[in-house]
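Visitor: I am new to reading protein models, and I would like to understand how the words used for them are earned. Could you take me through this one slowly?

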Amino acid sequence: MVKLNKIYTRTGDDGTTALVSGPRRVKHDLRVESYGTVDETNSAIGVARLHTSGLTELDTMLFRAQNDLFDLGADLATPHTGEVLSYEPLRIVDAQVTRLENEIDALNADLTPLKSFVIPGGTPAAAYLHLARTISRRAERQMVELSKMEGETVSSAALKYINRLSDFLFVAARFANDATNSDAPDILWVPGQNR
């Protein structure tokens with residue numbers, strides 16, 4: 001259980017931070033960067049949710065994703081080392097990926113199929129969801145790079161989750177635009193329009 005009584009500890013003043021499992025890493029370590037970018041994604045979703053009050057189903061899905069992102073951060077902050085821990089580390093599981101896929105399908109069911117790329121924007125909710133999407137893609141790139149490093153592991157469920165999350169955020173942005181303005185829900189890219 002998390003217990004935060006004192007917010008500052010001064011232990012990170014030397015440029016290091018502790019992983020959940022105890023070892024310290026420099027704050028620019030790729031593992032720390034990865035879960036930091038997951039946290040950044042979570043914050044961007046929080047800003048998007050300021051604009052989803054009329055979209056109850058979507059807002060509920062986004063809240064679940066935010067909770068999952070704490071799970072993902074905990075997973076990344078507790079590397080698989082093979083050593084026996086005194087506790088069961090929190091891990092992303094395939095059921096979380098499946099839930100995201102089901103939510104993507106539900107949101108996408110009534111959207112018009114795309115014939116071009118979507119320019120991020122539209123409603124405030126959609127614009128912030130696109131921002132969260134791009135941040136989650138950066139987290140994914142970092143996690144994939146981390147998984148390829150010698151001595152580092154990232155679970156396949158965690159990699160699938162972050163990949164699916166960006167898809168979910170893309171469809172969520174489209175859904176937010178469509179729910180607010182069904183006559184022209186998305187702003188579409190027109191190749192070479194301004195030549």
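Guide: Gladly, and please keep in mind that this is a predicted model. We can begin with Phe-117, which counts as exposed at 61% relative accessibility.

Visitor: Why is Phe-117 called exposed?

Guide: The word exposed is kept for residues over 50% relative accessible area, and Phe-117 has 61%, so the residue earns that name.

Visitor: What makes Phe-117 and Trp-189 an aromatic pair, and why is the pair called tilted?

Guide: Ring centres must lie within 6.5 Å to pair, and those of Phe-117 and Trp-189 are 5.6 Å apart. As for the angle, planes under 30 degrees apart would count as stacked and planes over 60 as edge-to-face, so the 40 degrees found here makes the pair tilted. Phe-117 lies in the loop between α3 and α4, while Trp-189 lies in the segment after α5, so the pair ties together parts that are 72 residues apart in sequence.

Visitor: Why does Trp-189 count as partly exposed?

Guide: Partly exposed covers what falls between the limits of 20% and 50%, and Trp-189, at 41% relative accessibility, therefore belongs in that class.

Visitor: How do you know that Arg-99 forms a salt bridge with Asp-68?

Guide: The rule asks for a side-chain nitrogen of Lys or Arg within 4 Å of a carboxyl oxygen of Asp or Glu, and for Arg-99 and Asp-68 the closest N and O atoms are 2.7 Å apart, so the pair qualifies. This salt bridge links helix α3, which holds Arg-99, with helix α2, which holds Asp-68. By the same rule the count comes to 12 salt bridges.

Visitor: Why is Asp-68 called buried?

Guide: Buried means under 20% relative accessible area, and Asp-68 has 5%, so the name applies.

Visitor: What makes Glu-101 and Arg-164 a link between parts of the chain?

Guide: Their side chains meet in a salt bridge of 2.8 Å, N to O. Glu-101 lies in helix α3 and Arg-164 in helix α5, so the pair ties together parts that are 63 residues apart in sequence.

Visitor: Are these two partners placed in the open or hidden, and why are they called what they are?

Guide: Glu-101, with a relative accessible area of 30%, is partly exposed, whereas Arg-164, at 17%, is under the 20% limit and therefore counts as buried.

Note on methods: Residues are numbered from 1 along each chain as its sequence is written. This is a predicted model: local features need pLDDT of at least 70, side-chain atom pairs count only at pLDDT 80 or more; totals for chains, interfaces and linings use all residues. Side-chain values use heavy atoms; hydrogens and water are left out. Rings of Phe, Tyr and Trp (its six-membered ring) pair if their centres lie within 6.5 Å; planes under 30 degrees apart count as stacked, over 60 as edge-to-face and the rest as tilted. Helices (H or I, at least four residues) and strands (E, at least two) are DSSP runs, numbered from the N terminus. Buried means under 20% relative accessible area, exposed over 50%, partly exposed in between (1.4 Å probe, protein chains only).
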